[in-house]
Amino acid sequence: MTPFSYARAGDAATATRLGMGAGAKYLGGGTNLVDLMRETIEQPDSLVDVTGLSRTIEERDDGGLMIGAAVRNTAVAEHRAVRERYPVLARAILSGASGQIRNMATVGGNILQRTRCPYFYDDAARCNKRTPGAGCDAIDGFNRTHAILGASPACVATHPSDMCVALAALGAVVHLGNATGARTLPLVDLHRLPAGRPEVETLLEPGELITAVELPPLPCAVRSTYRKVRDRASYAFALVSVAAVLDRSADGMVRDVRLALGGVAHKPWRAFAAEAVLRGRPADEAVFRAAAEAELADAAPLRDNGFKVELARRTMVAVLNDLAGEAA
Amino acid sequence: MTTIRDAAQKVMQTAIGLAPERWLPGGTPDPLIGRHGAIGSSVPRVDGPRKVRGEAPFAAEIPAGNMTYAALVFSTIARGHIATLDTDAAQTAPGVVLVMTYRNAPRMAPPAVFLSDPRAAGASSLPVMQDDAIHWNGEPVAVILAETQEQADHAATLVHVTYTRETASTSFEHAATHAHRPDNVLGEPAVIEIGNAEAALAEAAHKIDRTYHTPRYSHAAIEPHAATVWWEADGRLVVHDATQMLNGTRWTLAGIFGLKEEQVRILSPFVGGGFGGKALWNHQILAIAASRLSGRPVRIALSREGVFRVSGGRTTTRQRVALGARADGTLSALIHTGTAAMTAYNNCPEQFSFPARHLYAAGSFKLEQKVADIDMVANTFMRAPGESVGTFALESAIDELAADMGLDPIDLRRRIEPVKDPTSGHSFSARHLLDAYARGAERFGWSARSPTPRARREGEWLVGMGVATATYPYYRMPGGTARITLTRAGHACVAMASHEMGMGTATVQVQATADRLGLPIDHVTFAYGDTALPPGTIAGGSSQTASIAATVTAASEKLVSALLKLVGNDSPLAGLRAGDVEARDGGLGHRTIPDRFESYVSILSRANREEVSAEAEAPMPLEVQKYAMHSYGAQFCEVRVSTVTGETRVSRFLGSFDTGRILNPRTAASQFRGGIIMGLGLALTEETLFDERTGRIINASLAEYHMPVHLDVPEIDVIWTDSPDPRAPLGAHGIGEIGITGVGAAVANAIYNATGRRIRDLPITLDKLL
């Protein structure tokens with residue numbers, strides 16, 4: 001670990017002022033950032049601790065929720081309104097990490113966690129994220145856990161979050177602020193695909209701080225779920241995960257649907273193509289299958305991860321079948 | 001292990017008349033076998049309270065004044081030379097006491113590699129930081145000492161090294177084309193051929209001929225390797241280590257540093273898991289060298305990454321098993337051959353062919369092991385080296401043959417049960433494998449299994465059952481010495497430099513000694529973990545319990561003689577010889593005359609002695625020359641495999657063991673379960689990813705090296721035959737390793753029963769079942 005200074009921000013204005021400093025990083029629960037600092041992959045000059053900010057979950061009159069960025073993952077997953085209105089989010093969070101880590105990790109930190117590509121973690125390996133232009137050892141190396149969608153010749157890493165997959169499905173909106181102002185971005189637009197610059201992972205401006213995540217009202221999300229497939233029963237990152245919301249009409253048609261994938265891309269992957277196939281069609285397995293095929297049409301597997309295409313297809317179909325079965 | 005045994009036996013063949021005859025063929029079985037006392041009861045661990053209170057000091061917790069803390073810099077190439085080495089920034093970083101590289105490291109002799117001498121403990125014979133040559137990716141190239149661990153870790157990141165690369169052997173497939181037979185496999189021949197197995201296979205009515213792959217596995221004990229070391233003013237060396245081989249470490253370090261053995265003291269009273277990995281690696285040697293250079297105590301605690309880079313694990317294997325069967329299910333041919341990756345500097349060929357040498361009868365055998373030279377950190381022993389992955393291949397093939405022939409796999413094993421050891425011709429000292437199968441099948445509900453794959457489905461889950469044989473040899477190591485000191489208060493202390501890595505060594509030895517001397521267990525203590533004590537034997541090969549027990553028995557016989565010399569003419573024991581008495585009720589008594597008894601307290605009081613002490617070495621392990629001595633078990637597994645995702649979940653597991661007498665059901669059950677859990681990792685989740693382009697391990701962390709977590713582990717039932725082996729001290733076999741054997745095959749066979757898919761490549765991750 002490289003020496004750094006540490007300051008705890010008492011309010012958002014102080015945080016964003018300190019956050020503008022060169023080499024500054026915001027610190028949430030530290031469950032990822034501090035690990036990366038120990039490996040010297042991250043070497044911030046200063047840490048601005050923002051865990052004292054925005055720690056509430058506000059229930060909106062319209063049925064939506066405003067979740068402060070410093071709310072711990074456990075608190076989100078346990079919240080009554082989350083469990084009742086957005087079960088997919090509670091399930092996604094509880095499928096990730098361990099109880100101890102969830103108790104520490106914040107919503108903002110979870111969104112900004114970095115890939116678990118092993119070559120990113122090993123400074124003996126080439127990695128365009130760590131050293132732009134250095135090359136990528138994953139493309140021709142062990143890449144069983146890597147991306148099948150939206151990757152580039154520069155980077156095939158995946159985004160590791162479970163929570164974000166649910167947020168992507170739910171149409172969450174991220175509230176941002178820095179010393180000069182505030183803005184919002186849909187979560188699905190916050191993370192970038194790697195293209196030629198995999199070191200730039202989000203659209204955050206320098207010093208910009210996530211202050212809250214807004215869940216718009218989505219009554220049909222009461223029927224939603226998250227399924228995570230991984231190499232052991234707990235405490236492993238997703239090989240593939242699926243977050244889904246399905247609104248099925250009385251006559252068995254798909255009235256609305258939200259679908260997102262984890263473990264397949266550099267960002268939480270909202271399955272817009274699949275949704276387009278599903279909307280207004282019968283909620284049956286043939287349609288689910290067609291939707292999954294549409295979403296994976298552009299999948300580009302690597303040496304070791306070809307199985308993810310089939311796994312993603314099967315998992316999407318299974319999750320939709322389950323939700324359709326519940327509704328029937 | 002066997003090399004040591006063989007060496008010992010050579011010595012012994014000239015001195016056979018001197019050995020006490022208790023364990024000799026034809027000798028009287030241990031009288032404690034039939035006695036009910038402390039042995040056999042679930043005595044809680046004697047070290048338990050200290051551990052749960054945090055009062056048991058581990059190697060990285062030993063305090064020392066003026067301590068320095070070490071961090072290592074690891075090479076990033078597999079083979080070549082250091083081209084440039086810039087340590088300036090590290091030298092001047094805050095708190096740095098010393099930067100040691102090959103340029104300033106003291107001259108040290110190469111370690112004596114394990115098995116090169118009965119006393120050798122080195123994991124590799126490579127010199128440690130003596131020149132600019134690099135031998136594996138991850139080899140330490142610099143040691144930083146600093147005032148705090150954080151300062152050392154930081155300074156380590158400031159060392160800049162460049163390399164001149166040379167072509168490294170990192171491809172197993174390529175190296176396997178040049179694979180060669182080692183001189184021996186742990187003292188056994190690398191090849192055994194009986195009859196013409198290939199010809200018999202070709203003619204067989206039923207045959208299976210398969211290739212199995214097992215990956216690399218890394219040690220991941222809860223306590224990463226650590227040592228706290230310092231040099232005394234008079235030149236003596238003190239090493240607080242986490243080790244399974246105290247005396248070997250002492251002898252080997254003395255050789256490396258040019259010391260006399262008496263000048264080196266190794267202490268290791270508590271070890272947070274050994275499993276074969278806690279040997280003499282680079283880190284202790286480097287810490288000692290850095291302590292000599294700096295003149296200050298050094299604590300080195302490997303990071304988890306450091307454990308992966310500096311200490312080896314189980315090596316990768318490619319195995320062929322071919323079985324030829326006659327119509328009646330008996331075997332006409334048993335072929336088990338293959339290749340394991342190894343370095344040129346160690347001697348761990350992963351003895352995967354050992355189970356096939358002893359398990360089943362066959363008309364002909366071809367058993368052969370080769371090694372492929374790879375530039376990697378020295379592979380090493382890891383819980384049942386050889387037997388763990390060897391039983392995966394052999395027991396999978398047996399299951400394949402049974403399915404092919406339409407036989408129940410347990411029934412097939414009944415048909416191939418040997419009368420004598422199939423390759424040595426020796427009689428079995430004790431073998432109740434079929435009994436273990438019968439008990440296990442009854443308890444597990446084996447009869448409910450459909451022989452047809454995919455017959456049982458619950459929702460998206462296919463459910464199946466599998467079974468496999470577990471086996472591990474009985475070993476007893478010579479060379480240990482035990483001292484028993486009996487006090488006037490009637491308390492006995494056994495002293496022997498033995499190892500407690502969490503198995504319950506101290507506890508069962510207290511139980512055994514209590515029964516041996518006729519004392520209650522709270523009157524017995526066991527001093528261990530320190531080379532200042534009489535020498536112990538290694539904690540390896542599941543040998544320690546038998547080795548200590550035999551040694552304590554020899555010492556107790558001497559103690560009895562010493563006590564009889566103390567009794568006066570007015571003692572009820574007056575005139576009796578050692579052969580006339582037995583230890584009972586806190587004293588000695590005539591074997592058949594109850595009145596002729598005197599307590600230890602009385603004997604010592606009347607003799608006006610505060611204590612009496614006796615020391616003895618164990619007799620040589622002749623029993624293994626005459627008898628085939630092995631432990632057995634039947635591993636039963638039920639799995640559920642998702643038809644959607646290919647995920648496997650182990651839903652039930654039962655281990656039914658035949659390992660001689662069980663000394664302590666509580667600690668034994670824990671050993672068996674731990675072995676089975678480690679076997680679930682071997683079968684389903686664990687794999688060290690060795691990037692053959694660079695020779696680099698890329699998942700050097702517990703986040704990416706997937707050991708089973710709680711949710712992966714079902715409730716595990718363990719039962720045992722508890723049949724004493726009349727040829728073993730206490731009638732008992734070591735049980736530390738057998739638990740992992742057979743598990744890989746039991747899981748794979750259950751997956752076959754569930755899905756109809758044979759997976760011959762571990763670990764069985766979901767992609768292989770999609």
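UniProt annotations may be inferred rather than shown by experiment, feature names are shortened, and their positions follow the numbering used here. With that in mind, here are the close-ups; everything shown comes from a predicted model.

**Figure 1. The hammerhead span of chain B.** UniProt, in an unreviewed entry, labels residues 53-167 of chain B "domain: Aldehyde oxidase/xanthine dehydrogenase a/b hammerhead". Strand takes up 30% of this span and helix 10%. Its two end C-alpha atoms sit 52 Å apart.

**Figure 2. Chain B as a whole, before zooming in further.** The chain carries 19 helices and 31 strands. Its C-alpha trace covers about 80 × 75 × 50 Å along the principal axes. The radius of gyration is 27 Å, which agrees with the value near 27 Å that a compact globule of 770 residues would have. Burial is at 60% of those 770 residues. Take the contacts between residues at least 6 apart in sequence: 82% of them link residues at least 24 apart.

**Figure 3. Inside the largest nonpolar core.** This core runs to 347 residues, and B:I144 and B:V747 have the most contacts inside it. The top contributor is helix α13 of chain A (residues 307-327), which puts in 11 residues. Zoom in on B:I144 and skip its neighbours within four places in sequence: what's left in contact with B:I144 is B:A70, B:A71, B:A90, B:V96, B:V99, B:A152, B:A155 and B:A156.

**Figure 4. Helix α4 of chain B, mostly covered.** Six of the eight residues of α4(B) are buried. They are B:Q151, B:A152, B:D153, B:H154, B:A155 and B:A156. Among the elements lying over these buried residues are β1 (68-74), α3 (88-91), β3 (96-100) and β5 (140-146), which belong to chain B. B:A152, B:A155 and B:A156 may look familiar, as they also turn up in the contact list of B:I144.

**Figure 5. Where chain B meets chain A.** Here 26 residues of chain B are in contact with 23 residues of chain A. On the chain B side, helix α4 (residues 149-156) gives the most, with three residues. By class, that side splits into 10 charged, eight polar and eight nonpolar residues.

**Figure 6. Helix α9 of chain A, wrapped up.** Eight of the eight residues of α9 (residues 163-170) are buried, so the rest of the structure largely encloses this helix. The roll call is A:M163, A:C164, A:V165, A:A166, A:L167, A:A168, A:A169 and A:L170. A:G171 comes after the helix and has a positive phi, near 70 degrees.

**Figure 7. Two ways of slicing chain A.** For residues 1-220 of chain A, UniProt lists "domain: FAD-binding PCMH-type" in an unreviewed entry. That span is 28% helix and 17% strand, with its end C-alpha atoms 47 Å apart. The domain assignment, for its part, gives domain 1 (5-51) and domain 2 (223-327). Taken over C-alpha atoms, the centres of domain 1 and domain 2 of chain A are 36 Å from each other.

**Figure 8. Domains 1 and 2 of chain B.** The assignment divides chain B into domain 1 (2-35 + 476-620), domain 2 (59-167 + 222-273 + 278-310) and domain 3 (383-475 + 628-769). Over C-alpha atoms, the centres of domain 1 and domain 2 of chain B lie 38 Å apart. Their contact draws on 19 residues of domain 1 of chain B and 17 of domain 2 of chain B. The domain 1 side is made up of nine nonpolar, eight polar and two charged residues.

**Figure 9. Positive phi at B:N66 and B:L115.** Neither residue is a glycine, yet B:N66 has a positive phi of about 65 degrees and B:L115 one of about 80 degrees. B:N66 is in the loop between α2 (48-52) and β1 of chain B; B:L115 is in the loop between β3 and β4 (133-134) of chain B. Buried or exposed? For B:N66, the 11 C-beta neighbours inside 10 Å make it exposed, while B:L115 has 20 other C-beta atoms within 10 Å and is buried. The cut-offs behind those calls are 12 or fewer for exposed and 20 or more for buried.

**Figure 10. A cis peptide in chain B.** B:L762 and B:P763 are joined by a cis peptide bond, with omega at about -10 degrees. To find it, look in the segment after α19 (743-755) of chain B, where B:P763 lies.

How values were computed
Residues numbered from 1 in each chain as written. Chains lettered and ligands numbered in written order. Predicted model: local features only at pLDDT ≥ 70, side-chain atom pairs only at ≥ 80, totals over all residues. Core = buried A, V, L, I, M, F, W, Y, C linked by C-beta atoms within 7 Å. Helix = DSSP H or I, 4+ residues; strand = E, 2+ residues; numbered from the N terminus. Contact = placed C-beta atoms within 7 Å. Rg over C-alpha atoms; globule rule 2.2 N^0.38 Å. Nonpolar A, V, L, I, M, F, W, Y, C, P; charged D, E, K, R; others polar. Domains from an automatic or database assignment.
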